[in-house]
Amino acid sequence: SGGENIYPAELENVLAGCPQIREAAVVGRSDAKWGEVPVAVVVASGEGELSDEDVLALFEARLARFKHPRAVIFVAELPRNAMGKIQKHEISKMLETM
């Protein structure tokens, strides 16, 4: 983002610590100003309400501001291959249509 390296695993570790999130993935989305920005794609666990603001608040005081996701997208499930691995390229394609 803007010439700075942002590692998805670092953001995914923060998301994994939230009991209201069953699973999540972070992918880059094209941005006219920054080149690419991180977007969190989240599957809620169903334990209480979970909003975009709740998810973004997880990053406060944990990571530098430029590393925070610019958007949160809630989905029913993440795309996986036959081995059960999350297919981030499929998530990226999904973001292109949004």
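This dialogue walks through the sheet, the cores and the salt bridges of a predicted model.

Reader: Start with the sheet. How many strands form it, and in what order?

Author: The general idea comes first. Strands of a sheet pair through backbone hydrogen bonds, either parallel or antiparallel. Here 3 strands form an open sheet, in the order β1-β2-β3. The pairing is mixed.

Reader: Which strands are the edge strands?

Author: β1 (21-31) and β3 are. Each of them pairs on one side only. From one strand to the next, the twist averages 30°.

Reader: Do the pairs one at a time. In what sense do β1 and β2 pair, parallel or antiparallel?

Author: β1 and β2 are antiparallel, joined over 10 bridges. They form a hairpin, with 3 residues between the two strands. For a landmark, find Ser-30, which stands opposite Glu-36 in β2.

Reader: And how do β2 and β3 run, parallel or antiparallel?

Author: Strand β2 (residues 35-44) and β3 run parallel, and 4 bridges join them. Two landmarks help here. Val-41 stands opposite Ile-73 in β3. Val-42 stands opposite Phe-74 in β3.

Reader: Through which helix does the chain cross from β2 to β3?

Author: The chain goes through α2. This β-α-β crossover is right-handed.

Reader: Now the helices on the sheet. Which strands does α3 touch?

Author: α3 packs on the sheet and touches β1, β2 and β3. Its direction makes about 60° with that of β1. Helix α1 also packs on the sheet. There the contacts are with β1 and β2, and the direction of α1 makes about 145° with that of β1.

Reader: Next, the interior. How should I read a nonpolar core?

Author: In soluble globular proteins, nonpolar side chains tend to be buried together. In this model, the largest nonpolar core has 16 residues. Leu-11, Leu-15, Ile-21, Val-42, Val-55, Leu-58 and Phe-59 touch the most other members. α1, β1 and β2 each supply at least two residues of this core.

Reader: Take one member. Which residues does Ile-21 touch, leaving out those up to four places away in sequence?

Author: Ile-21 touches Leu-15, Val-42, Val-43, Ser-45, Leu-50, Val-55 and Leu-58.

Reader: What lies apart from the largest core?

Author: Another core does, with 11 residues. Among them are Val-27, Val-39, Ala-71 and Val-75.

Reader: How many residues of β2 are buried?

Author: 7 of its 10 residues are buried, and β2 is mostly covered.

Reader: Now charges. How many salt bridges does a search of the whole structure find?

Author: Side chains of opposite charge can pair when their charged atoms come close. The search finds 5 salt bridges here. We can look at some of them.

Reader: Begin with Glu-10. Which residue does its side chain meet?

Author: It meets Lys-67, at 3.1 Å, N to O. The two residues are 57 residues apart, and the pair links distant parts of the chain. Glu-10 lies in helix α1 (residues 8-16). Lys-67 lies in the loop between α2 (52-57) and β3 (71-74).

Reader: Why does Lys-67 count as buried, and Glu-10 as partly exposed?

Author: Buried means under 20% relative accessible area, and partly exposed runs from there up to the 50% cut-off for exposed. Lys-67 has 17%, so it is buried. Glu-10 has 27%, so it is partly exposed.

Reader: Which residue meets Glu-12 in a salt bridge?

Author: Lys-88 does, at 2.6 Å, N to O. Glu-12 lies in helix α1 and Lys-88 in helix α3 (residues 88-96), so the pair ties together parts 76 residues apart in sequence. Lys-88 is partly exposed, at 30% relative accessibility.

Reader: What about Glu-60?

Author: Glu-60 forms a salt bridge with Arg-65, and their closest N and O atoms are 3.9 Å apart. The cut-off is within 4 Å, so the pair counts. Glu-60 is partly exposed, at 45% relative accessibility. Arg-65 is exposed, with a relative accessible area of 59%.

Reader: One last residue. Where is Ala-57 placed?

Author: Ala-57 is in helix α2. This residue is partly exposed, with a relative accessible area of 45%. The C-alpha atoms of Ala-57 and His-68 are separated by 9.4 Å, and the two lie 11 residues apart along the chain.

Technical notes
Residues are numbered from 1 along each chain as its sequence is written. This is a predicted model: local features need pLDDT of at least 70, side-chain atom pairs count only at pLDDT 80 or more; totals for chains, interfaces and linings use all residues. Side-chain values use heavy atoms; hydrogens and water are left out. Buried means under 20% relative accessible area, exposed over 50%, partly exposed in between (1.4 Å probe, protein chains only). Two strands pair if DSSP finds at least two bridges between them. Axes are lines fitted to C-alpha atoms, for helices over the stretch in contact, and angles run from 0 to 180 degrees between N-to-C directions. Contact means heavy atoms within 4.5 Å. A nonpolar core is a set of buried Ala, Val, Leu, Ile, Met, Phe, Trp, Tyr and Cys residues joined through side-chain atoms within 4.5 Å. A crossover is right-handed if, with the strands pointing away from the viewer, the path from the first strand over the helix to the second runs clockwise.
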